[in-house]
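Me: Please show me the model. I will then ask about domains, interfaces and backbone geometry.

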Amino acid sequence: MPHTLAEKILQAHTDEKITGAGQIVNCRVSMVLANDITAPLAIKSFKAMGATKVFDKDKVSLVCDHFTPNKDIDSAEQVKVVRDFAHEMGVTHYYEGGNVGVEHALLPELGIVGPGDIVVGADSHTCTYGGLGAFATGMGSTDIAGAMALGETWFKVPPTIRVDFDGQLEPFVGGKDLILHVIGQVGVSGALYRALEFGGPVIDALSIEGRMTMANMAIEAGGKAGLFAADAKTLAYCAAAGRKGDQAIAADAGAVYERELKLSVSGMQPQVACPHLPDNVRGVDEVKGIKVDQAVIGSCTNGRIEDLREAAAILKGRKAHKNVRLIVLPATPKIWRQAMDEGLFSIFMDAGAVVGPPTCGPCLGGHMGILAGGERCIATTNRNFKGRMGSLQSEVYLGSPAVAAASAIAGEIINPAKL
Amino acid sequence: MLVTGNAHKVGAHIDTDAIIPARFLVTTDAEVLGANCMEGLEPGWVKRVKKNDIMVADENFGCGSSREHAPIALLGAGIPVVVAKSFARIFYRNGFNMGLVLLEVGDDIAKLKDGDRLEVDTGKGEIKNLTTGETVVCAKVPAFMQELLDAGGLVPYVKKRLAAKG
Ligand code: SF4
């Protein structure tokens, strides 16, 4: 039977025969992830399960990235719980302090997730690794505890929605715009319980970072996974990250899809998701002129080096508007160093930006850029739920690094092509 | 289990940031989380809840972050059952794992209004609306998930499997 990408990867990790969507199968997992918010609960459950060791100390990642550097005593206590557990279990991939980055930018860069893997994480944006051709999905802490103990977990084989893009991308339009457009089309529950599989000539030409930006937001359409075939580009990316032996993987010809979407990108403007749901998507020109108090460039969606370069190209020689706090958070220490070495920080600081450490920070309203009532932010993050970045009376607009940088300069939302 | 309580109805796409905002995620304590349940929807929302009251929601309840603190906050607030048109996937798994009863009823959700007195038979998946006299039945959970529930949730299930491995 021809398989979708999701079915194919699940099949490679189970002894049961996959016959189609809806079936429940047990699969071996390649990597299990938790962070400083979700790991403490997972550790609680792990202990309640009577587990005394993790199934494989090299296949568990504990990344303290959300409230770090610890923002208060309570978060410091939580990180301590995670650190003690990591040491007790001898977990290889424990990250905190100078080696920590936003988990979904960090794991691909370290080469510890890759094509054909099954990755489960106690974080909803675990789906990011679909950009590398991994079946990666978020779960809660107790599911993750079970996976840490057993090295396997159960999945309901998802039906797949196939999305193909063709046409010619306009300047300043990229992965973020494509995924926002898809979410706008299918809605925040349009891919509920389903996998999204992306393809077509536009995707073939898209960078791996752009694919990860797209996979990252599959969950914003309710999706279980956002999948991309692993091609020569993926293999080159993974080899550069130090991996060996990866193989290309793609859906079989004749695979059965629940729904197929064909989208043309020609003439598409940069996209912006307006408050308070990620599917409230408009072309940027439709929302131009909306004043902003803050611009955030960072997160697991758009805090990678390509994103920082994209923002820097716009900010170069310009200044952020005097009423705008511009916050730049490179997603990992490696990206941070790279941005520094390339001279991007001088551009950001000349523009009046605050350059912060690799952390989730304001993305989830943790710290380092919380909004007051009535304030508005343009952010390269992935969620604009009410109160996500601070006060319930604040607003978040989502866009690409180019849109965020241009809007920071203008003091209002603007199409970077019209700056 | 039979649960009788008042319905608290909320809209569609209630995300986990609404159920428990990130600023409260510095603890795993059910009581503290419960005291701040739905703070991201409306400050002080939880004050209206009495023990065994029932959350009634439209589609995609629990979307967004994977935080298991969300079902814990609901349980901590004294809400043992959520009835919804549909649930977000991660929240659905979490609910089962935490022992929060989740009943998916589709369009029949319209038969349950804010303030209605409900009697829920969690075993049968049946919701009797004592205010209107109508009964709503939820879709059956998949056999494997029922097995998990019967085992008492994921924790005892994994415990058993680990013990079998020795
Ligand atoms: S950057 Fe934002 S979305 Fe990504 S893992 Fe951190 S909090 Fe979650």
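**Domains, interface, backbone**

Reply: Chain A is assigned domain 1 (5-263) and domain 2 (271-418), with bounds from an automatic or database domain assignment. This is a predicted model, where local features need pLDDT of at least 70, side-chain atom pairs need pLDDT 80 or more, and totals for chains, interfaces and linings use all residues. Residues are numbered from 1 along each chain as written, chains are lettered from A and ligands numbered from 1 in written order, and side-chain values use heavy atoms, without hydrogens and water.

Me: What area is buried between domain 1 of chain A and domain 2 of chain A?

Reply: The C-alpha centres of domain 1 and domain 2 of chain A lie 24 Å apart. The contact (heavy atoms within 4.5 Å) takes 37 residues from domain 1 and 40 from domain 2 of chain A. Buried area is the accessible area (1.4 Å probe) that two parts lose on being put together, summed over both. Carbon and sulfur atoms give 62% of it here, and the area is about 3,000 Å².

Me: Which side chains meet in a salt bridge at 2.6 Å, N to O?

Reply: A salt bridge puts a side-chain nitrogen of Lys or Arg within 4 Å of a carboxyl oxygen of Asp or Glu. Between domain 1 and domain 2 of chain A the count is one. The 2.6 Å pair is A:Arg383 and A:Glu220.

Me: Which helix gives the most to the side of domain 1 of chain A that touches domain 2 of chain A?

Reply: Helices are DSSP runs of H or I, at least four residues; strands are runs of E, at least two; both are numbered from the N terminus. The two domains of chain A share 19 residue pairs in polar contact, both at pLDDT 80 or more. A polar contact is a pair of N or O atoms within 3.5 Å; within protein, one must be able to donate a hydrogen and the other to accept it, and residues adjacent in sequence count only if both atoms are side-chain atoms. Helix H4 (103-110), helix H6 (175-186) and helix H8 (208-216) of chain A each supply at least two residues of that side of domain 1, and the most, six residues, come from H6(A).

Me: What area is buried between chain B and chain A?

Reply: Contact involves 43 residues of chain B and 47 residues of chain A. Carbon and sulfur atoms give 61% of the buried area, which is about 3,900 Å². More of chain B's share comes from three residues than from any other three, at 19%: B:Val26, B:Arg89 and B:Arg93.

Me: Which residue of chain A meets B:Arg93 in a salt bridge?

Reply: The count between chain B and chain A is three salt bridges. In one of them, B:Arg93 has an N to O distance of 2.9 Å. The partner is A:Asp143.

Me: Why does the radius of gyration of chain B agree with a compact globule?

Reply: The radius is taken over C-alpha atoms, and the globule rule is 2.2 Å times the number of residues to the power 0.38. With 166 residues, the rule gives a value near 15 Å, so chain B agrees at 16 Å.

Me: Where is the cis peptide bond with A:His276, and which loop holds this residue?

Reply: Most peptide bonds are trans. This cis bond joins A:Pro275 and A:His276, with omega about -10 degrees. The loop runs between strand S12 (271-273) and strand S13 (281-283) of chain A.
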